[in-house]
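Reader: I am new to this structure and should like to understand the reasoning behind its description. May I put some questions to you?

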Amino acid sequence: MHRIQQDLIRYQQAHQHPINQLLHYFAFLAALLGWIWLFLDWRVTLILAVLHYALSWTGHFCFEKNQPGSLKSPWLGFSAGFLWFFIRTLELLLRRKLLPV
């Protein structure tokens, strides 16, 4: 199994609660918009970054009852999270399951 696939499976195992998944979807949407706004207005990027972490951490502390990946391994949480976000978006558009778990 490839490292990226393993990271994605680990990410999904830490995000099983449906409300946590929904919060993370919007958190990564905010992060994506933040990256775009970085070139337009850094203050909007800062607000979107705070929103990203607020949504993500709320999902972990209130629904999943586990520690956010950004505290243990920030790069894994960020890269696997974005990968999950893009694959999940494809699933919604195609109305077909693509994620391994």
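Author: The answers below concern the helices of a predicted model.

Reader: How do you know that the length of α2 agrees with that of a helix at 1.5 Å a residue?

Author: Helix α2 covers residues 18-37, and its 20 residues should span 28 Å at that rise. The C-alpha atoms at its two ends lie 29 Å apart, which agrees with the expectation.

Reader: What makes a residue of α2 count as buried, and which residues are they?

Author: A residue is called buried when its relative accessible area is under 20%. In α2 this applies to Asn20, Leu23, His24, Tyr25, Ala27, Phe28, Ala30, Ala31 and Gly34. Their cover includes α1 (3-13), α3 (42-64) and α5 (74-94).

Reader: Which residues of α5 are buried, and what do they pack against?

Author: The buried residues of α5 are Leu76, Gly77, Ala80, Gly81, Phe82, Trp84, Phe85, Ile87 and Glu91. They pack against α1 and α2.

Reader: Why are α1 and α5 called roughly perpendicular?

Author: Their axes cross at roughly 85 degrees. Angles of 65 to 115 degrees count as roughly perpendicular, and the pair is therefore described in that way. The two axes come within 9 Å.

Reader: Which residues of α1 and α5 meet, and how do they divide by character?

Author: From α1, Ile4, Asp7, Leu8, Arg10, Tyr11 and Gln12 take part; from α5, Leu76, Gly77, Ala80, Gly81, Leu83, Trp84 and Ile87. The residues of this contact comprise 8 nonpolar, 3 polar and 2 charged.

Notes. Residues are numbered from 1 along each chain as its sequence is written. This is a predicted model: local features need pLDDT of at least 70, side-chain atom pairs count only at pLDDT 80 or more; totals for chains, interfaces and linings use all residues. Side-chain values use heavy atoms; hydrogens and water are left out. Helices (H or I, at least four residues) and strands (E, at least two) are DSSP runs, numbered from the N terminus. The expected span of a helix is 1.5 Å times one less than its number of residues. Buried means under 20% relative accessible area, exposed over 50%, partly exposed in between (1.4 Å probe, protein chains only). Contact means heavy atoms within 4.5 Å. Axes are lines fitted to C-alpha atoms, for helices over the stretch in contact, and angles run from 0 to 180 degrees between N-to-C directions. Angles under 35 degrees count as roughly parallel, over 145 as roughly antiparallel, 65 to 115 as roughly perpendicular and the rest as oblique. Ala, Val, Leu, Ile, Met, Phe, Trp, Tyr, Cys and Pro count as nonpolar, Asp, Glu, Lys and Arg as charged, and the others, Gly among them, as polar.
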